[in-house]
Amino acid sequence: MDQPANRLLFLVLLSFLNLPIYAAKVTLNPDQWGDPAGKECISCHKKSSAGLTAQWENSKHAEAGVNCLDCHKADVDDADAIKHEGVIIATIVSPLDCSRCHTTEYEQQKGSVHSEAVDLIKERLPALAGHVGGNAIVAAGCDQCHGSSVRVLGDGTLDPTTWPNSGIGRINPDGSKGSCSSCHGRHKFSKAQAREPSACVRCHSGPDSPDKAVYEASKHGMLFAAQRDEMALTNDSWVAGKDYTAAPTCVSCHMGAAGKLKSTHDVGMRNMWSLNSPISEKQSLVVFESGEKIELPESIPAPRRGSELTKADGSMGKVKAVATPARRRQAMSMVCLECHSKPFTKSFMRQFDDVVMLYNEKFGRPAEKIMQTLYSEGLLTPTPFDEAIEYTYWELWHDEGARARHGASMGSPNHTWWEGMYLVGRNFYAHFLPQVLAVAGKERGDAIIQSHVRSLDQHDWLNHPRRANPILGYGKGRPADE
Ligand code: HEC
Ligand code: HEC
Ligand code: HEC
Ligand code: HEC
Ligand code: HEC
Ligand code: HEC
Ligand code: HEC
Ligand code: HEC
């Protein structure tokens, strides 16, 4: 691309990423806090919950004069309002409550993939937690990461099956979504703490999103561990390439400021692919006038600004802005470019995209088509997770398939291959295909495998079983038998 066009695209991109969606409203106004009635809370709570109060005393909030009541205050009409020592308070402090002062972070977080994490699991919950686990698992498992729907009991107390909870998309009694203390430990609420990779790993660990392990195994993780005193984590300003250069953390790439790119509380903004799905698709991010957002697969044409489109809740909304996959990739690359060259960054992304496409074409699509065939021919019951092959298929895309893709996106060769694509291959050839034969019978099974697997170039090696076999040492030095 020639230079002027490049610069124009850059400016358009910046204006999209930084301005129209997130018109920053500066609302930190000292008149808004320091409620006199809030001073009473401290003397009591120094005794009844000393640890919590000490954390607050060492926080920026205390320093600025923001007291307990400034956050915990409630209206009598609020569903979770309680009368406590003569004052109306609520235990829950929702994103909407924080937005009394922090409008920008609230607006960014609203509608993000994080804030929609409860809707995401609704469909899968009955099959996974219901069939394989049980209600207790929903409360202490899924909901702790994704978020509960907090219920208020008749006396104003919180239903113990739904709280304590600081899941990332928690549905609050005031209708707002999320919990700002998912990442910001209370009652310190320090940004230095939230910049640490450890702020993310409570949820981003495990077989399908092993980002902690991926990061630690990457060169970036290696350098972060060795040079963390050069990371300027406690700085007020924290711009990659300016305030620190030693290594990026999760936050640098997914949220942080880099050069002219501003920081954001929408972690999905810079991601082009849907990595955690049976088949990865490139996605556009559509932002509505109302602040809601949806992810739109590339196969559906991106809408224009100002046009009408169906929102996640089924109602129509006016499109405010669209970030196409290319724009999202460019935003992520702007972070890399603070420390790396353009060819380096592009080539890395090429290696990553190639892994995603290899997974899609060689395993993801054929396995999905085979499963669809087995269901449509009545060879499997429609009930999820009651047959062995359903677990094999699930693990193929959800566990090792996702691991391979995460490994390649964030630079861990171990997760890309040994804990990723190697296991995908093993499960596909040694478990999935034999189970297809078991479920469909030899004749029908062979035909299904022939049309979805053996006929593809990537699996052609299966059609040549007598090639030299280095595992046994058999055939060493012999020409390939073909
Ligand atoms: C007279 C002493 C006293 C004062 C004043 C007081 N609290 Fe408390 N508060 C307590 C005690 C004791 C508990 C713990 C109750 C328990 O453990 O059952 C508590 C509990 C709470 C809870 C937790 C409720 C729950 O459901 O877990 C919150 C939130 C709270 N106080 C906030 C405040 C705020 C905000 C103020 C100031 C407006 C305040 N308190 C003033 C003594 C006090
Ligand atoms: C910056 C806002 C903020 C301030 C200031 C604040 N809190 Fe909280 N507090 C929270 C949040 C957020 C939670 C988590 C509740 C939830 O799940 O939404 C919480 C929870 C609590 C709880 C119940 C949870 C637990 O761990 O027992 C108590 C008690 C409490 N706060 C007391 C206080 C007291 C006392 C002060 C003043 C010394 C105070 N808070 C100041 C935001 C705040
Ligand atoms: C340890 C925290 C954690 C627990 C527990 C958890 N999830 Fe998730 N879940 C995540 C994270 C993180 C993602 C996002 C993965 C990504 O995009 O990399 C996710 C993604 C998902 C997705 C979207 C795509 C995918 O990967 O499948 C669904 C659906 C889902 N979870 C359902 C559930 C259900 C149902 C449960 C409980 C039976 C559950 N999750 C338990 C953290 C968790
Ligand atoms: C996914 C984790 C995460 C969640 C959830 C989260 N934050 Fe943050 N927050 C961070 C990180 C990381 C930083 C530091 C960012 C930086 O320095 O670039 C931060 C910084 C901040 C800052 C300081 C901004 C500044 O420029 O000084 C405020 C205020 C804040 N968050 C408020 C909130 C509020 C309000 C919510 C809920 C609506 C929230 N955060 C939810 C991770 C999170
Ligand atoms: C009544 C106003 C008010 C409310 C409500 C409020 N904050 Fe703050 N917050 C402030 C002020 C003032 C500062 C200090 C700003 C500064 O130092 O520049 C601050 C600073 C912060 C910081 C940056 C701390 C650092 O290390 O620099 C974070 C993170 C934060 N708030 C998160 C939250 C979260 C999360 C909530 C809701 C649970 C919340 N705040 C509720 C006023 C508020
Ligand atoms: C309390 C749990 C929790 C914490 C803490 C958390 N996340 Fe997440 N995160 C999730 C869940 C659940 C999802 C899947 C949500 C969805 O797809 O709707 C997710 C999704 C994501 C995604 C995928 C977005 C996409 O495009 O699909 C990214 C990137 C991400 N988180 C980054 C982070 C970072 C960086 C941190 C730490 C600063 C963090 N998360 C902290 C639970 C969490
Ligand atoms: C060097 C930059 C970088 C660092 C550091 C980094 N990531 Fe990523 N991450 C990426 C890129 C690039 C992708 C792929 C984006 C895309 O879809 O195009 C990605 C993908 C993801 C996804 C999958 C999103 C999806 O589509 O499902 C999650 C979740 C995630 N990262 C979380 C984390 C967490 C948590 C950490 C820290 C433990 C972290 N990342 C560290 C760059 C980074
Ligand atoms: C804050 C600076 C910083 C940022 C931002 C950053 N990196 Fe790095 N990265 C480094 C450093 C330093 C190294 C180590 C260089 C070395 O020793 O090879 C490194 C190493 C790498 C390596 C391994 C190189 C090798 O040959 O072993 C890859 C790949 C990489 N980065 C990709 C990325 C991508 C992609 C992004 C953006 C999504 C990114 N980096 C963002 C600082 C950064």
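Student: Which residues come nearest to ligand 8 in this predicted model?
Tutor: Ligand 8 has 14 residues around it, and K219, H220, C336, C339 and H340 come nearest.

Student: What makes each of these 14 residues count as around ligand 8?
Tutor: The cut-off is 4 Å, for any heavy atom of the residue. A polar side-chain atom of H220 lies 2.8 Å from a nitrogen atom of ligand 8. That is within 4 Å, so H220 belongs to the shell.

Student: Why is the approach of K219 to ligand 8 called a polar contact?
Tutor: A side-chain N or O atom of K219 is 2.9 Å from an oxygen atom of ligand 8. The limit for such a pair is 3.5 Å, so the K219 pair qualifies. H340 also puts a polar side-chain atom 2.8 Å from a nitrogen atom of ligand 8. Helix 14 (219-226), helix 16 and helix 17 each give two or more residues to this shell.

Student: What is the make-up of that shell by class?
Tutor: Around ligand 8 there are 10 nonpolar, 3 polar and 1 charged residues.

Student: How do you know that V113 makes a polar contact with ligand 6?
Tutor: A backbone N or O atom of V113 sits 2.7 Å from an oxygen atom of ligand 6. Set that against 3.5 Å, and the pair is therefore a polar contact. Side-chain pairs come from H114, at 2.8 Å from a nitrogen atom of the ligand, and from H204, also with a nitrogen atom of ligand 6 at 2.8 Å.

Student: Which element gives the largest share of the shell around ligand 6?
Tutor: Helix 15, with 3 residues. The shell holds 22 residues. By class, 13 are nonpolar, 8 polar and 1 charged.

Student: Why is H146 called a donor of the iron atom of ligand 3?
Tutor: Its NE2 atom is at 2.1 Å from the iron. The donor cut-off for this metal is 2.8 Å, so NE2 passes. H146 is the only protein donor there, and H146 lies in helix 10.

Student: What makes the set around I370, L374, F428 and F432 a nonpolar core?
Tutor: Its residues are buried and joined through side-chain atoms within 4.5 Å, so the set meets the definition. This largest core has 35 residues, and those four have the most contacts inside it. Helix 17 gives the most, with 10 residues.

Student: What does F428 touch beyond four places away in sequence?
Tutor: K362, F363, P366, A367, L396, L433, V453 and H459. Apart from the largest core lies another, of 17 residues, including A232, Y244, L261 and V335.

Conventions: Residues numbered from 1 in each chain as written. Chains lettered and ligands numbered in written order. Predicted model: local features only at pLDDT ≥ 70, side-chain atom pairs only at ≥ 80, totals over all residues. Heavy atoms only, no water. Polar contact = N/O pair within 3.5 Å; in protein donor to acceptor, adjacent residues only side chain to side chain. Helix = DSSP H or I, 4+ residues; strand = E, 2+ residues; numbered from the N terminus. Nonpolar A, V, L, I, M, F, W, Y, C, P; charged D, E, K, R; others polar. Buried < 20%, exposed > 50% of the residue type's maximum accessible area, 1.4 Å probe, protein only. Contact = heavy atoms within 4.5 Å. Donors = N, O, S within 2.8 Å, 3.2 Å for Na, K, Ca; no water.
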